[in-house]
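Me: Please take a close look at one part of this model. I would like a connected account of a single helix and what it touches.

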Amino acid sequence: MGTVSTVLDEFNRRPAGQAEQALLACCAVPDWARTVAGGRPYPDVAAVVAVADAALRRLTWSEVAQALAAHPRIGERPAGTGRESDWSRREQSGVDGADQDTRAALDRANREYEQRFGHLFLVFADGRTDLELLAAARRRLGNDPGTEREVVRDELRQIALLRLRRLLS
């Protein structure tokens, strides 16, 4: 793998469709990927991240829901072989050592959350343990729907920006 500048140079030179495809692994919203790819060429990674962040903050709730559909439940590892699946497995590695009781509690929390809010429980899981993720799910069950939508937006933004930095590193 090349240096950041080499990776960024390659990203800047890709045909638009290829750049958009790569970006969809960061956030599965085609308009977002088009916006970020459309800003090329970028002088540095910070510039890409700034454009991506601004575009993430403008997502409609239907676009957020579209992105949620591409994420696995916490504790349910994706079976795919693509970049997005690899990243999800890496981000959720804190659940790998969870015992059977914790896994069952995560499953219950996921289902309670989905019943309450009507969508997947999304959390920035990178570097967090199974117990931290379970505590986050339980805590967020107490949110009202409006507050929770804002929390989900921010969690999605954090995940997408982490993945974008990985894509460009």
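Reply: Here is a walk along helix 9 and its partners. Keep in mind that this is a predicted model.

Helix 9 covers residues 145-167, and arginine 157 sits in it. Arginine 157 counts as buried because its relative accessible area is 16%, and buried means under 20%. Its side chain makes a polar contact with the side chain of aspartate 53, at 3.2 Å. Beyond its neighbours within four places in sequence, arginine 157 touches Asp53, Leu56 and Arg57.

Arginine 157 also forms a salt bridge with aspartate 154, with the closest N and O atoms 2.9 Å apart. The two are three residues apart in helix 9, so about one helical turn separates them. Aspartate 154 is partly exposed, at 31% relative accessible area. Salt bridges with shared partners join Asp53, Arg57, Asp154 and Arg157 into one network.

Now move along the helix to arginine 166. Its side chain meets that of aspartate 126 in a salt bridge, 3.0 Å from N to O. Aspartate 126 lies in the loop between helix 7 and helix 8, 40 residues from arginine 166, so the pair links distant parts of the chain. Arginine 166 is buried, at 14%. Aspartate 126 is partly exposed, at 25%.

Glutamate 148 has a salt bridge too, with arginine 140, at 2.5 Å from N to O. Both residues are buried.

Last comes helix 7. Its axis comes within 11 Å of the axis of helix 9, and the two cross at roughly 120°. That makes helix 7 oblique to helix 9. Tyr113, Arg116 and Phe117 in helix 7 meet Pro145, Glu148 and Val152 in helix 9. By class, this contact has four nonpolar, two charged and no polar residues.

Note on methods
Residues are numbered from 1 along each chain as its sequence is written. This is a predicted model: local features need pLDDT of at least 70, side-chain atom pairs count only at pLDDT 80 or more; totals for chains, interfaces and linings use all residues. Side-chain values use heavy atoms; hydrogens and water are left out. Helices (H or I, at least four residues) and strands (E, at least two) are DSSP runs, numbered from the N terminus. Buried means under 20% relative accessible area, exposed over 50%, partly exposed in between (1.4 Å probe, protein chains only). A polar contact is a pair of N or O atoms within 3.5 Å; within protein, one must be able to donate a hydrogen and the other to accept it, and residues adjacent in sequence count only if both atoms are side-chain atoms. Contact means heavy atoms within 4.5 Å. Axes are lines fitted to C-alpha atoms, for helices over the stretch in contact, and angles run from 0 to 180 degrees between N-to-C directions. Angles under 35 degrees count as roughly parallel, over 145 as roughly antiparallel, 65 to 115 as roughly perpendicular and the rest as oblique. Ala, Val, Leu, Ile, Met, Phe, Trp, Tyr, Cys and Pro count as nonpolar, Asp, Glu, Lys and Arg as charged, and the others, Gly among them, as polar. A salt bridge is a side-chain nitrogen of Lys or Arg within 4 Å of a carboxyl oxygen of Asp or Glu.
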